Amino acid sequence: RYRYPAETQADLRRVRSRFSDLRLHVDYYRFPNKEKKQLVYLAGTVPVLYEGSCYNIPVSIWLHQTHPVSHPRCYVCPSVSMVINPACSCADAAGLLHLDGLRNWTGGASSLSLLVSEMVQVFQKDMPLYA
């Protein structure tokens, strides 16, 4: 159902080769307008070095059917023992991430690998979750 299946698969392969803990899934995504679509998403953790310790931050990355032309929807996914840091400027109360790579997403130039690398860099400065 994806408009650009070859490009989407290539982007997924590249990001998974760099961030092997991200696993591929298919499920229904509910948009803010209550519309529901079956989408591919990555879920897992990204390693973040923060104040001398390594933390595995759980994330999910939902790919629209027009990926890689349109930007994905990215979330931090706190475990039962975690909460979203309300002081974090990169994540809202629902865990939706607000990153430059998403705001400035450009089809043909942007990629999931670059986006996840940006997540790691941003999280090192502004941790979105805490225990």
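In the predicted model, lysine 34 is placed in the loop that connects strand E1 (23-30) to E2. Its phi is positive, at about 80 degrees, although lysine 34 is not a glycine. With a relative accessibility of 61%, lysine 34 is classed as exposed. Glutamate 51, located in the loop between E2 and E3, also has a positive phi, near 50 degrees, and is likewise a residue other than glycine. Glutamate 51 is exposed, its relative accessibility being 70%. Most residues other than glycine have a negative phi, and most peptide bonds are trans. A cis peptide bond is found between histidine 67 and proline 68, with omega at about 5 degrees. Proline 68 belongs to the loop between E3 and E4.

The UniProt annotation "domain: UEV", taken from an unreviewed entry, spans residues 1-131. Over residues 1-131, helix accounts for 24% of the chain and strand for 32%, and the C-alpha atoms at the two ends are 39 Å apart.

Helix H1 consists of 14 residues and extends 20 Å from its first C-alpha to its last, close to the 20 Å expected at 1.5 Å a residue. Thr8, Ala10, Asp11, Leu12 and Val15 are buried in H1. The buried residues of H1 are covered by elements including E1, E2, E3 and H3.

H1 also contributes to the largest nonpolar core, together with strand E2 (36-50), strand E3 (53-63), strand E4 (73-76) and helix H3 (112-125); these are the elements that give two or more residues to this core. The core contains 38 residues, and the members that touch the most others are Val46, Ile57, Ile61, Val76, Leu97, Met119 and Phe123. When neighbours within four places in sequence are left aside, methionine 119 makes contact with Val59, Ile61, Cys74, Leu97 and Leu99. Serine 117 is a residue of helix H3 and is buried, with a relative accessible area of 18%. Apart from neighbours within four places in sequence, serine 117 contacts Arg18 and Phe19.

Across the whole structure, 3 salt bridges were found. One of them links the side chains of aspartate 11 and arginine 14, with an N to O distance of 3.8 Å. Aspartate 11 and arginine 14 are 3 residues apart in helix H1 (residues 5-18), so about one helical turn separates them. Aspartate 11 is buried at a relative accessible area of 2%, whereas arginine 14 is partly exposed at 46%.

A salt bridge is also formed by arginine 103 and aspartate 100, whose closest N and O atoms are 2.6 Å apart. These two residues, arginine 103 and aspartate 100, both lie in helix H2 (residues 100-103); because they are 3 residues apart there, about one helical turn lies between them. Arginine 103 is exposed, with a relative accessible area of 54%, while aspartate 100 is partly exposed, with a value of 44%. The side chains of glutamate 35 and lysine 37 form a further salt bridge, at 3.7 Å from N to O. Glutamate 35 is partly exposed at 37% relative accessibility, and lysine 37 is partly exposed at 29%.

The search for aromatic pairs across the whole structure returned 5. In one pair, the ring centres of tyrosine 29 and phenylalanine 31 are 4.8 Å apart and the planes meet at 75 degrees, so the arrangement is edge-to-face. Tyrosine 29 is buried, its relative accessible area being 6%, and phenylalanine 31 is buried at 13% relative accessibility. Tyrosine 50 and tyrosine 55 form an edge-to-face pair, with 6.5 Å from centre to centre and 65 degrees between the planes. Tyrosine 50 is partly exposed at 22% relative accessibility, and tyrosine 55 is partly exposed at 38%. Through ring pairs, Tyr29, Phe31, Tyr41, Trp62 and Tyr75 are joined into a cluster.

Conventions: Residues numbered from 1 in each chain as written. Heavy atoms only, no water. UniProt positions renumbered as here; feature names shortened; annotations may be inferred. Helix = DSSP H or I, 4+ residues; strand = E, 2+ residues; numbered from the N terminus. Salt bridge = Lys/Arg side-chain N within 4 Å of Asp/Glu carboxyl O. Buried < 20%, exposed > 50% of the residue type's maximum accessible area, 1.4 Å probe, protein only. Core = buried A, V, L, I, M, F, W, Y, C linked by side-chain atoms within 4.5 Å. Contact = heavy atoms within 4.5 Å. Expected span 1.5 Å × (residues − 1). Phe/Tyr/Trp six-rings, centres within 6.5 Å; stacked < 30°, edge-to-face > 60°.
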